[in-house]
Amino acid sequence: MWTCKNLWKKLAPLARSSSTLCRQNARGVLFNNERRLPLVPQAHMSSGTPGSGGDNNLYYLLVGATCVGGGFYAYRTIKGDKERYQERINEIASRPNKVVPEQPITEAPGEQAAETPQEIAPVTEDAPVETPEVTPIVEEVSPEVVAVEQEDPPTTPEAEIALESVVEPAPEESVGTPDADPVVKSARSVSEEAVEQPSAPALIEPSVEPSPVEVTEEPPAPVVKSEPTPVAGSLPAETAEPQTTTETESAAEPATVAPAEVPAPTPVEFPSHAPYLLIGGGTASFAAARSIRARDPGARVLIITDEPDLPYMRPPLSKELWFSDDPSVVDTLRFKQWNGKERSIYFQPPSFYVSPQDLEKVENGGVAVLTGKKVVHMDVRGNKVTLSDDTEISYDKCLIATGGIPRNLQVIERAGEEVTKRTTLFRKVEDFKALDKVSRDTKSITIIGGGFLGSELACALGRRCKLTADSDLEVIQMFPEKGNMGKVLPEYLSNWTTAKVKSEGVAVITEALVKAVSFKDGKVEIKLKDGRVVKTDHIVAAVGLEPSVELAKSAGLEVDSDFGGFRVNAELQARSNIWVAGDAACFYDIRLGRRRVEHHDHAVVSGRLAGENMTGANKPYWHQSMFWSDLGPDVGYEAIGIVDSSLPTVGVFAKATAKDTPKAATEKSGTGIRSESETEGTANSPVASSTPEPPPVPEQKDNYGKGVIFYLRDKVVVGIILWNVFNRMPVARKIIKDGEEHADLNEVAKLFNIHDD
């Protein structure tokens with residue numbers, strides 16, 4: 001009908017113009033016997049002479065043909081619709097009739113005696129052939145069975161009774177009932193016949209309800225369709241009579257519910273929904289969880305981590321743990337801080353957390369940690385994540401704190417399995433345990449990398465060798481820069497640091513570019529571009545961190561092309577209900593521009609702020625995070641802002657005293673993790689002198705006891721390193737936050753009290 005209506009809309013203008021033309025021409029012929037060209041419409045439908053008689057005939061023919069064709073098309077369309085509608089009605093009306101022939105069969109089984117000898121044989125012959133197709137046929141017929149169930153609801157109680165009897169006694173009594181099914185074989189599949197056969201003897205007294213029995217028995221089949229094929233296929237082999245093969249398979253179908261229920265009894269290890277879901281088990285996640293619970297005491301927080309450990313702090317893995325004199329430190333993971341106090345690397349003991357299976361049950365909520373699980377997919381629109389075992393967990397609000405993955409050198413990755421087995425990418429607790437074992441069992445270890453991690457590990461291993469009398473371990477450190485931490489420290493201070501590392505018993509190889517790595521004669525051979533060759537037993541690759549952004553693709557999150565990591569706004573939010581914190585967050589610094597920071601203090605502060613914003617705080621991230629590094633208990637430094645050796649620097653140094661060491665600083669403050677005190681201190685902006693002075697020339701290396709190094713960009717301080725100066729970070733943070741140009745940095749350095757005894 002819609003087609004006819006559209007066709008008429010297109011042909012109506014043509015019909016109206018043709019009829020108007022005909023009236024005008026007829027009037028002219030009758031009264032004047034001439035043509036009236038001015039009255040003829042300018043738009044003609046033919047190419048002939050305007051107003052000619054041939055045009056009128058052609059118009060009549062076209063209009064007539066159009067009307068006849070449209071009418072015929074409309075007639076056929078309406079007739080076809082009626083026929084299809086009637087066929088559908090007949091089909092629907094005939095569905096219940098497929099079950100009706102079974103009623104006289106069950107009520108008067110004696111009448112089928114004459115037909116039984118003729119039809120039993122086909123059933124026994126066809127049953128083995130059609131047996132493998134039992135499950136597919138059941139899937140096709142199930143919609144009709146559901147329709148029957150809806151039309152005959154009163155038969156449900158009898159159906160339930162029959163179902164209970166079918167599960168166990170049906171295989172024993174089904175031998176004598178094959179004659180009830182061949183009659184309706186043409187209307188139903190063999191699988192349905194098999195289900196009907198045990199239902200008749202199970203009711204003892206024949207009734208009209210066998211068809212509802214089929215309805216109630218059919219639905220379980222799709223539930224167990226992943227396993228019933230092998231199970232049902234094995235059951236006929238156990239039966240002795242081939243003519244009952246189909247019956248035993250049908251009786252086994254309800255029994256296959258037991259294998260399908262095998263996964264169900266497994267204990268639930270985690271909830272299916274978490275109001276607060278934190279991906280990652282590091283410092284940022286724990287800080288966020290603690291912040292969420294502080295603002296929402298009844299919050300239920302679930303932390304998912306791919307590591308087997310509870311949340312812990314990473315800095316001691318390359319610092320204090322190596323200086324412990326406890327032989328069981330690898331197992332206890334407890335260490336003495338520089339202030340002499342002992343603590344564990346774990347933020348909280350296991351008793352602090354709620355078990356994942358009880359998270360939804362506890363009255364006042366809590367924090368649960370799901371260890372050994374990795375999130376591989378995020379459905380942002382559906383607010384759910386998928387784990388590596390295909391388990392789905394929904395959430396209300398989610399934090400991504402996946403941290404980073406240690407980088408490796410391509411020459412090591414291409415070197416083969418033997419080299420890979422002898423290479424450590426230091427990041428986790430298991431890496432610390434593995435390297436500790438290697439340091440006790442091998443003769444030499446080579447650390448590639450001159451940054452924070454490489455220098456800390458080199459000093460730690462070198463000092464262990466010096467303090468252990470029977471140790472003959474050789475520690476080698478190589479890097480492409482001219483000195484340790486050459487990308488961070490000014491050249492003069494980098495050279496001083498290199499000398500300090502060498503004094504710990506480390507063989508330092510500077511300006512070393514690795515060309516190839518191979519395994520020969522039981523040793524790992526490292527070839528440098530300048531021709532030097534280093535043979536070692538084990539390699540530690542400390543060449544940086546790659547932010548873990550595997551979830552960006554599935555979640556549709558933006559990754560920064562310059563710094564890496566998830567791009568977030570000022571509130572650390574990547575998308576609605578999704579926040580990012582820690583090493584994986586690329587945030588915008590109002591003073592220093594867009595950045596990504598890989599330090600403990602940033603993980604603490606960004607995680608805490610993200611947790612607050614997840615509970616509705618809507619606070620911007622303005623904090624200038626700091627980081628610190630210790631080259632043993634005697635030399636340490638703290639830094640904030642952009643510290644890049646390519647920037648111009650100004651250093652102001654003073655003579656150090658016994659209290660100017662990391663050990664003395666922690667003894668005085670009572671804290672071992674210096675980044676945990678990020679209180680914004682009160683510091684007055686220094687007053688610039690009226691006459692600018694040239695930057696001071698660095699003093700001799702023997703006097704680099706303590707000092708302050710300023711990093712400048714456009715004459716503005718953008719980074720500060722406090723060298724053996726501790727507990728002054730609020731002052732440095734205030735200077736960078738002000739963003740002012742200072743004419744005399746010597747006056748600014750006085751704010752750090754470096755000249756006080």
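In this predicted model, the buried residues of helix α18 pack against five named elements: α15 (329–332), β10 (423–425), β11 (444–448), α19 (452–467) and β17 (538–541). The residues of α18 that are buried are V429, D431, F432, L435, D436, V438 and S439. An α-helix has 3.6 residues a turn, so residues three or four places apart point the same way. Helix α18 itself comprises 13 residues, from 429 to 441. From its first C-alpha to its last, α18 reaches 19 Å, which is close to the 18 Å expected at 1.5 Å a residue.

Three of the strands named above, β10, β11 and β17, belong to an open sheet of five strands, whose order is β10-β17-β11-β12-β13 and whose pairing is parallel. The edges of this sheet are formed by β10 and β13 (506–509), each of which pairs on one side only. From one strand to the next, the twist averages 20°. Within the sheet, β11 and β17 are joined in the parallel sense over four bridges; I447 has V540, in β17, as its bridge partner. Helix α19 packs on the sheet and touches β11, β12 (474–478), β13 and β17. The direction of α19 makes about 160° with that of β12. Helix α20 (residues 491–503) also packs on this sheet, where it touches β12 and β13, and its direction makes about 145° with that of β13.

A further open sheet of five strands shows antiparallel pairing, in the order β24-β25-β28-β27-β26. Strands β24 (626–630) and β26 (649–654) stand at its edges; each has a single partner strand, so one side of each is left without a neighbour in the sheet. The twist of this sheet averages 15° from one strand to the next. Strands β25 (residues 636–641) and β28 (residues 716–723) run antiparallel and are joined by five bridges. The bridge partner of E638 is L722, in β28. Helix α19, described above as packing on the parallel sheet, also lies across β24 and β25, and runs at about 25° to β24.

Elsewhere in the chain, L387 is located in strand β7 (residues 384–387). Because its relative accessibility is 0%, L387 counts as buried. When neighbours within four places in sequence are left aside, L387 is in contact with I304, L370, K373, K374, V375, V376 and I393. One of these contacts, V375, lies 12 residues from L387 in sequence, yet the two are 4.4 Å apart in space, C-alpha to C-alpha.

Terms used. Residues numbered from 1 in each chain as written. Predicted model: local features only at pLDDT ≥ 70, side-chain atom pairs only at ≥ 80, totals over all residues. Heavy atoms only, no water. Helix = DSSP H or I, 4+ residues; strand = E, 2+ residues; numbered from the N terminus. Expected span 1.5 Å × (residues − 1). Buried < 20%, exposed > 50% of the residue type's maximum accessible area, 1.4 Å probe, protein only. Contact = heavy atoms within 4.5 Å. Pairing = 2+ DSSP bridges. Axes fitted to C-alpha atoms, helices over the stretch in contact; angles between N-to-C directions.
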